[in-house]
Amino acid sequence: MNSTAPLAPLAPLAARLRALPPSCGPVRLIAVDGHAGSGKSTFAGRLADALGGAPVLHLDDLASHAELFAWTDRLLPLVTGSLARGESARYAPYDWTLRRFGPEVRELSPAPVVLMEGVGAGRRALRPFLAHLLWMDLDAERSWQRGRERDGAEQSAFWDGWTEAETEHFSADPSRPFADTLVRQLREGYEWHQRTPATA
């Protein structure tokens, strides 16, 4: 299934996702994964709009400088555990400037479709809860270059550490082979391709 139309290009994809069976209690939990800088946040926001305002969980809110990828033990009880019971998830997002969590508490409602975006959203521990996994199909080097250009020279040291950590994560726990759909950003809109994901 493809879409390259510039007007409401994500409507057919949104309709397909809404038609999926629930995967986490009453929720269809949809993951948007890909390399840092690949456009996950922008795509998830536009897909959420196409879904009529679906809630979006940004995994940057659950990660931290000390735990770039070791946030699974935080997400499972706070988010998937709550959604599986049909309850709203409550969490205090991480402040990347102050380097601490909270004190603001955010709420994620168990809507029919909930989007979860971030590097590692399709990781092994989360796939049992997912109705669908979308992968932003932009290679690591181009993604990271976009991210560095976006964040500026002052974040260069952070990006050096990040790229090493991301490479290590995806080497041990890859997401792309398990993606149901590959998404590519075009000059206007997106195109996507359904695929048969790995099952191992």
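Accessible areas come from the Shrake-Rupley method with a 1.4 Å probe. With that in mind, look at the whole model, which is a predicted one. The accessible surface of the protein chain comes to about 9700 Å², and 51% of that surface belongs to carbon and sulfur atoms.

**Stop 1: the whole chain**

Keep everything selected and switch to a cartoon view. You should find five helices and 10 strands. Now show just the C-alpha trace and turn it around: along its principal axes it spans about 40 × 40 × 35 Å. A compact globule of 200 residues would have a radius of gyration near 16 Å, and the protein chain has 16 Å, so the two agree.

How much of the chain is buried? Buried residues make up 48% of the 200 residues. Next, think about who touches whom. Take the contacts between residues at least 6 apart in sequence: 70% of them join residues at least 24 apart.

One more thing before zooming in: colour the charges. There are 22 positive and 25 negative ones, and their mean positions are 5 Å apart.

**Stop 2: strand 8**

Select residues 132-136, which form strand 8. Is this strand mostly covered or mostly open? It's mostly covered, with five of its five residues buried. In a regular strand the side chains alternate between the two faces of the sheet. Turn on the side chains here and you'll see His132, Leu134 and Met136 pointing one way, while Leu133 and Trp135 point the other way.

Now click on Leu134, which has bridge partners in two strands. Val32 is its partner in strand 1, and Thr181 is its partner in strand 9. Strand 9 covers residues 181-185 and runs parallel to strand 8, joined to it by three bridges.

**Stop 3: strand 1**

Hop over to residues 28-33, which are strand 1. This strand pairs with strand 8 in the parallel sense over four bridges. Strand 1 is mostly covered too, with six of its six residues buried. Both of its faces are covered: Arg28, Ile30 and Val32 sit on one side, and Leu29, Ala31 and Asp33 on the other.

Which strand comes next as a partner of strand 1? Add residues 113-117 to your selection: that's strand 7, paired with strand 1 in the parallel sense over five bridges. For a single pair to click on, try Ala31, whose bridge partner in strand 7 is Met116.

**Stop 4: Phe158 in helix 5**

Time for a helix. Select residues 156-172 to get helix 5, then pick out Phe158 within it. Phe158 counts as partly exposed because its relative accessibility is 27%, and partly exposed lies between under 20% for buried and over 50% for exposed.

What does Phe158 touch? Leaving out residues up to four places away in sequence, Phe158 touches His65, Leu68 and Trp96. For a distance exercise, draw a line from the C-alpha of Phe158 to that of Ser88: these residues are 70 apart in sequence and 33 Å apart in space.

**Stop 5: two backbone details**

Finish in the loops. Select Arg99, in the loop between strand 4 (94-95) and strand 5. Arg99 isn't a glycine, yet it has a positive phi of about 60 degrees. It's exposed, with a relative accessible area of 54%.

Then move along to Pro103, in the loop between strand 5 (100-101) and strand 6 (106-108). What kind of peptide bond joins Gly102 and Pro103? It's a cis one, with omega at about 5 degrees.

Key:
Residues numbered from 1 in each chain as written. Predicted model: local features only at pLDDT ≥ 70, side-chain atom pairs only at ≥ 80, totals over all residues. Heavy atoms only, no water. Rg over C-alpha atoms; globule rule 2.2 N^0.38 Å. Buried < 20%, exposed > 50% of the residue type's maximum accessible area, 1.4 Å probe, protein only. Contact = heavy atoms within 4.5 Å. Lys, Arg positive; Asp, Glu negative; His and termini not counted. Charge placed at Lys NZ, Arg CZ, Asp CG, Glu CD. Pairing = 2+ DSSP bridges.
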